[in-house]
Amino acid sequence: MKRERLDKVLANMALGTRKEVKQLVKQGIITVDGEVATDPGMHVVPEIQTIEIDGHPLSYKRWIYVMMNKPPGVISATEDTRHRTVVDLLPLEWATKVHPVGRLDIDTEGLLLLTNDGQLSHSLLSPKKKVDKEYFARIEGRVTSEHVEHFRRGVTLDDGYQTMPASLEIITQGETSEVRVTITEGKFHQVKRMFAAFDLQVVYLKRLRMGALHLDDSLAPGEFRELTEEELAALRGDSRE
Ligand code: URA
């Protein structure tokens, strides 16, 4: 077990940013094994020491926030009768607690957030918050500036739904095109259906970003890591907007 700075442990427990938790220590309301903590930089072993705020014990890692580079072939769900799910890729102590924030199709890769923080998850998915999602896509067919303009105005999907304005940026143009698409909603198969409205087929789709959270490109497909404090604080900002 690792000794860690108290302020880092408190921030990981989602009590606030490093700066905010330092304030809590200064207020004298944090105790470690019954002693008032005065130094936010003191070292603790959170798994075995009792840390309390205002007399209430804090459970270590109450909140789990994991970024995954979702590989193709797994389902964004906590269980499925036929396929492996994204939580099957996680260690057991996380797998039993977290859920994916939103869905990526089975063949879509890239950024997926998994957490047991239902409130954050709910806010990030709320249509009112308009958290943008950025994708890289490879498209069979030629994507043109006309498509860019259509996306900018919003696209009518096969069921008649008119999407919100979306940003489409052409990276390469040809028999197959590579693009970057940013949408603010999360309708079922939305990106694929937006291109399908112009008889274009998405042959590869990868999510790069969700609000302030960027996919860590050092994560290979199937790999994951916990969010940093900075990433979490930035996502919390998105969920409040
Ligand atoms: N749009 C899609 O069509 N599929 C995804 O997985 C995500 C966005």
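## Ligand contacts and two strand systems

An oxygen atom of the ligand sits 2.8 Å from an N or O atom in the side chain of Thr-108. The model is predicted, and every distance here is computed from it.

**The ligand site.** Two backbone contacts join the one to Thr-108. A polar backbone atom of His-189 is 3.2 Å from a ligand oxygen. For a polar backbone atom of Lys-192, the distance to a ligand oxygen is 3.0 Å.

| Residue | Part of the residue | Distance to a ligand oxygen |
|---|---|---|
| Thr-108 | side chain, N or O atom | 2.8 Å |
| His-189 | backbone, polar atom | 3.2 Å |
| Lys-192 | backbone, polar atom | 3.0 Å |

Which other residues surround the ligand? Leu-104, Asp-105, Tyr-135, Gln-190, Val-191 and Leu-205 are among them.

**Strand β10 and its partners.** Strand β10 covers residues 133–140. Six of its eight residues are buried, so the strand is mostly covered. It pairs with β12 (residues 176–183) through eight bridges, and the two run antiparallel. Glu-134 has Thr-182 as its bridge partner in β12. Strand β13 (residues 201–210) also pairs with β10 in the antiparallel sense, over eight bridges. There, Arg-138 is matched with Tyr-204 of β13. Strands of a sheet pair through backbone hydrogen bonds.

**Lys-133, a buried charge.** Lys-133 belongs to β10. What does this buried lysine have in place of a salt bridge? The nearest side chain of opposite charge is that of Asp-132, 7.5 Å away. A salt bridge needs the two groups within 4 Å, so Asp-132 does not supply one. A polar atom of the Lys-133 side chain does lie 3.5 Å from the backbone oxygen of Glu-185. Leaving out residues up to four places away in sequence, Lys-133 touches Val-181, Thr-182, Ile-183, Thr-184, Glu-185 and Gly-186. It also touches Arg-207, Arg-209 and Met-210.

**The four-stranded sheet.** An open sheet has four strands in the order β3-β2-β5-β6, with antiparallel pairing. Strands β3 (35–36) and β6 (56–57) stand at the edges; each has a single partner strand, so one side of each lacks a neighbour in the sheet. Strands β2 (residues 30–32) and β5 (residues 51–53) pair over three bridges, again antiparallel. Which residue of β5 is the bridge partner of Val-32? That partner is Ile-51.

Note on methods
Residues are numbered from 1 along each chain as its sequence is written. This is a predicted model: local features need pLDDT of at least 70, side-chain atom pairs count only at pLDDT 80 or more; totals for chains, interfaces and linings use all residues. Side-chain values use heavy atoms; hydrogens and water are left out. Two strands pair if DSSP finds at least two bridges between them. Buried means under 20% relative accessible area, exposed over 50%, partly exposed in between (1.4 Å probe, protein chains only). Lys and Arg count as positive and Asp and Glu as negative; His and the chain ends are not counted. A polar contact is a pair of N or O atoms within 3.5 Å; within protein, one must be able to donate a hydrogen and the other to accept it, and residues adjacent in sequence count only if both atoms are side-chain atoms. Contact means heavy atoms within 4.5 Å. A residue is near a molecule or strand if one of its heavy atoms lies within 4 Å of it.
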